[in-house]
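I opened a fresh notebook page for this one. My plan is to look up a few places and write down what I find.

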Amino acid sequence: MKVVVACDKYKGNIPAMEICNIIKSAILDTDREIEVVLKPMADGGEGTVETMVESRRGRYITIPVKGPLGEDIQARFGIIDKHTAVIEMAAASGIALIDKDHLNPMETTTYGTGQLIREALERGCSKIIIGIGGSATTDGGMGMAQAMGVKFYSPQGEELGWGGKQLKNIEKIDMGGLHPQIGKVKIEVACDVDNPLTGKDGAAYVYSPQKGADAKMVQELDQGLQNFAAAVKRDLKIDVDRMKGAGAAGGLGAGLAAFLGASLKPGTDIITGAIGLREAIEGSDLVITGEGAMDRQTFYGKSAYGVARAADDFKVPVATINGSVLVSRKEVDPDHARLFSGNFSTVNKPLTLEQAIAQGRELAYDTARELINFYLSIYNNMKP
């Protein structure tokens, strides 16, 4: 029997690689003849770099960059397969880097994210995967572009600085100083949302309030993003306004597409391709995936859904082991729910959240053993 274990992290508790190894131990302690293949998952958000580097035996690079408020910080990215960089924008421009009392998308910048991209290019990387979840910014990727050599000018001909407040002032974009390696590198952006850049469903209205924007700021930022989109269309001949995913990370999706020629894709599609998930699933008998909390979002694009969709192409059953299951099968679209053969929570008795976290590893191990015992009883009875 061959089992593929492709779990995402249990957020705030167990990293993806560790939970996969826990489940592997449970399987082998049940039957050491089972072949277990580990493919730790991520969706482009927090933990993507760690998951990719650990699973692909890559390495970390840590450099000084500008944080979201222009402060000096240390941020890291990963390099796998010698020439592929994996970057999380949250490492340099993330909301977790700012005290909640200082959140202000009028001031925050993606400049540090651009510095990480530049470093990857200067280290000879020919492919860059960028996860853009968890941002503190609504600057359209303007700061990222500035770090890459793009200049923005006001109507008075003055070079503009950083932050969402500058978007409304853009009169001209000068691409002359763009890093020369950009045309030689493939950039894929892992988007966890498909919002457009502007409007009521765009970056400012939907996401900037959680980054510290009040109602007036939201309106100003949306107007700024409209001006930004108009300048990009005029000077670069690229229409980013209604592009799917353009509004991700405060418009960083739009900036990466416009200035660096990046392609915006669902995070799970990028990660499954990068780790060779489909190749591992083909010919297997069972796939086990899961995450900290399975909810409605799981069935509409999170990593477990990506795993299940890949397994469905090969008609391999999928079971999930999760810290908790917060949605029933009848609450989601049947076409999505059918991709999962069974969804299991590790919590087997009344526990507080603190207790469940403290016992998380033991509970996951026990649940995996019960699952594999049950599956083996069916599998062995079906053999001729």
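**Entry 1: a threonine in a loop**

Which residues does Thr137 touch, not counting residues up to four places away in sequence? I looked them up in the model, which is a predicted one. Thr137 touches Met89, Ser93, Thr108, Thr109, Thr110, Lys211, Ala249 and Gly250. Next I checked its place in the chain. Thr137 sits in the loop between strand E6 (127–131) and helix H5 (142–147). Is Thr137 buried or exposed? I found a relative accessible area of 0% for Thr137, so this residue is buried.

**Entry 2: a glutamine in the helix after that loop**

I moved on to helix H5, where Gln146 is placed. Its relative accessibility is 12%, and the cut-off for buried is under 20%, so I noted Gln146 as buried. I then asked what its side chain meets. A polar atom of the Gln146 side chain lies 3.0 Å from the backbone oxygen of Gly161. Gly161 also turns up in the contact list of Gln146, which leaves aside neighbours within four places in sequence. The other names in that list are Tyr111, Phe152, Leu160 and Trp162.

**Entry 3: aromatic rings**

How many aromatic pairs are there? I got a count of five. I wrote up two of them.

One is the pair of Phe228 and Phe259, with 6.0 Å centre to centre and 65° between the planes. That makes the pair edge-to-face. Where do the two rings sit? Phe228 belongs to helix H7 (residues 215–236) and Phe259 to helix H8 (residues 248–260), so the pair ties together parts that are 31 residues apart in sequence. I checked both for burial. Phe228 is buried, at a relative accessible area of 0%. Phe259 counts as buried too, at 2% relative accessibility.

Tyr375 and Tyr379 make another pair, and this one is stacked. I noted 6.3 Å centre to centre and 25° between the planes. Both lie in helix H14 (residues 360–382), four residues apart, so about one helical turn separates them. Tyr375 counts as buried at 17% relative accessibility. Tyr379, at 22%, counts as partly exposed. The line between the two classes is drawn at 20%.

I also looked for a cluster. Phe152, Phe228 and Phe259 form one aromatic cluster. Phe152 was already on my page, as a contact of Gln146.

**Entry 4: positive phi**

Most residues other than glycine have a negative phi, so I went looking for exceptions. I wrote down two.

Arg57 has a phi near 55°, a positive value in a residue other than glycine. Arg57 is in the loop between H2 and strand E3 (59–66). With a relative accessible area of 78%, Arg57 is exposed.

Ala249 also has a positive phi, near 55°. Ala249 is found in helix H8. At a relative accessible area of 10%, Ala249 is buried. I had met Ala249 before, among the residues that Thr137 touches.

**Entry 5: a pocket**

Rolling a probe the size of a water molecule over the atoms shows where empty space is left. I took up the second largest pocket, with a volume of about 310 Å³. How many residues line the second largest pocket? I found 19. Those nearest its centre are Glu46, Gly47, Glu50, Arg76 and Glu88.

Helix H1 (16–30) and helix H2 (48–55) each supply at least two residues of this lining. H2 gives the most, with four residues. By class, the lining has eight charged, seven nonpolar and four polar residues.

**Entry 6: a cavity**

Last, I looked for closed spaces. The structure holds one cavity of 30 Å³ or more. The volume of the largest cavity is about 30 Å³. Which residues line the largest cavity? I listed Met106, Gly164, Lys165, Lys168, Glu220 and Gly224. By class, I noted three charged, two polar and one nonpolar in this lining.

Key: Residues are numbered from 1 along each chain as its sequence is written. This is a predicted model: local features need pLDDT of at least 70, side-chain atom pairs count only at pLDDT 80 or more; totals for chains, interfaces and linings use all residues. Side-chain values use heavy atoms; hydrogens and water are left out. On a 1 Å grid over the protein atoms alone, a cavity is a set of points where a 1.4 Å probe fits but cannot get out, and a pocket is an open set with protein on both sides within 12 Å along at least five of seven lines; lining residues have an atom within 4 Å of a point. Grid points are joined across faces, edges and corners, and a volume is the space filled by probe spheres set on the points. Ala, Val, Leu, Ile, Met, Phe, Trp, Tyr, Cys and Pro count as nonpolar, Asp, Glu, Lys and Arg as charged, and the others, Gly among them, as polar. Buried means under 20% relative accessible area, exposed over 50%, partly exposed in between (1.4 Å probe, protein chains only). Contact means heavy atoms within 4.5 Å. A polar contact is a pair of N or O atoms within 3.5 Å; within protein, one must be able to donate a hydrogen and the other to accept it, and residues adjacent in sequence count only if both atoms are side-chain atoms. Rings of Phe, Tyr and Trp (its six-membered ring) pair if their centres lie within 6.5 Å; planes under 30 degrees apart count as stacked, over 60 as edge-to-face and the rest as tilted.
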